[in-house]
Amino acid sequence: MSFSKVFEKNTEWVSAKLAVDKKYFKKLAEKQEPEILFIGCSDSRVKVGAMMGVEPGDVFIHRNIGNMVPNTDLNVMSVINYAVSHLKVKHAVVCGHYYCGGVKAAMQSEDLGILNPWLRNIRDVYRLHHIELDAIKNEDQKYRRLIELNVQEQCVNLIKTPDVQKALLEKRIKVHGWVFDLGTGKLIDLKIDFDKILKDIMQIYHLDTTSEN
Ligand code: CO
């Protein structure tokens with residue numbers, strides 16, 4: 001891909017869209033009603049539209065290094081609030097990907113400056129699951145499993161937010177954990193059983209819905 005071709009490619013894309021539907025951009029400008037909130041990694045190889053077969057308007061997207069949902073990050077928390085409580089998306093997805101550089105970096109001890117506090121969130125996932133992870137002797141398998149467990153923990157972070165708590169109580173949202181396999185192009189649903197994972201601890205995070213004020 002050549003940077004100098006970007007605007008030329010844009011003109012071609014506009015023409016192609018208008019050739020099919022003259023009002024395509026007029027309709028696009030009117031409103032958005034996405035059904036999916038997608039939280040993924042910033043990795044350039046993860047192409048959300050193409051891998052899911054979706055068009056502009058279908059998915060509300062947030063991306064950062066390692067598809068993280070830290071509760072102190074105003075950026076991701078604002079995205080969740082807007083998508084869940086205002087746009088009322090029906091599905092919230094955390095999508096990791098194999099070969100994730102962020103997760104790889106978190107497995108190593110190199111000093112990465114400003115990335116250290118961000119990657120520490122992934123190191124915390126390792127700590128939480130260290131018994132399972134340390135039992136895996138093959139480094140590649142361990143790497144892949146940490147990517148999956150990170151998706152699981154970020155889904156749990158998502159479930160802990162008040163917006164998702166309310167939406168779950170009102171049965172208007174489903175949370176999903178996926179992994180995109182760059183090596184095959186396949187999108188994998190981890191089919192995480194959140195009821196099972198959160199069975200004994202969820203009362204800590206539940207909102208008090210009995211009070212009206
Ligand atoms: Co990544």
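**Pockets, cobalt and a sheet**

Tutor: Sixteen, written 16, is the residue count for the lining of the largest pocket, and I159, L168, I173, F194 and D195 lie nearest its centre. (Pocket: an open set of 1 Å grid points where a 1.4 Å probe fits, with protein on both sides within 12 Å along at least five of seven lines; lining: an atom within 4 Å of a point.) The model is predicted, so local features need pLDDT of at least 70 and side-chain atom pairs 80 or more, while totals for chains, interfaces and linings use all residues. Numbering starts from 1 along each chain, and side-chain values use heavy atoms, without hydrogens or water.

Student: How do the lining residues of the largest pocket divide into nonpolar, polar and charged?

Tutor: α9 (162-169), β4 (174-180) and α10 (194-198) each give at least two residues to this lining. (DSSP runs: helices are H or I, at least four residues; strands are E, at least two.) Counting by type, with Gly among the polar ones, the split is 9 nonpolar, 2 polar and 5 charged.

Student: Which helix gives the most to the lining of the second largest pocket?

Tutor: Of the 15 residues lining the second largest pocket, V69, N121, D124, N157 and K160 are the closest to its centre. The lining divides into 5 nonpolar, 6 polar and 4 charged. Both α6 (115-128) and α8 (139-160) supply at least two residues, but the top contributor, with 5 residues, is α6.

Student: What spacing do the donor residues of the cobalt ion have in sequence?

Tutor: The cobalt ion is held by C41 through SG, H97 through NE2 and C100 through SG, at 2.0 to 2.3 Å. (Donors: N, O or S within 2.8 Å of the metal.) Reading along the chain, the pattern is C-x55-H-x2-C.

Student: Is H97 buried or exposed, and why?

Tutor: Buried takes under 20% relative accessible area, and exposed over 50%. C100 is at 1%, so C100 is buried. H97 has 1% relative accessibility and therefore counts as buried.

Student: Which residue in β3 stands opposite F38?

Tutor: The open sheet has 5 strands in the order β2-β1-β3-β4-β5, with mixed pairing; strands pair if they share at least two bridges. Its edge strands, pairing on one side only, are β2 (59-64) and β5 (187-189). Strand β1 (residues 36-41) runs parallel to β3 (residues 91-97), joined by 5 bridges. Across from F38, in β3, is V93.

Methods
Donors are N, O and S atoms within 2.8 Å of the metal (3.2 Å for Na, K and Ca); water is not among the atoms, so sites may look incomplete. Buried means under 20% relative accessible area, exposed over 50%, partly exposed in between (1.4 Å probe, protein chains only).
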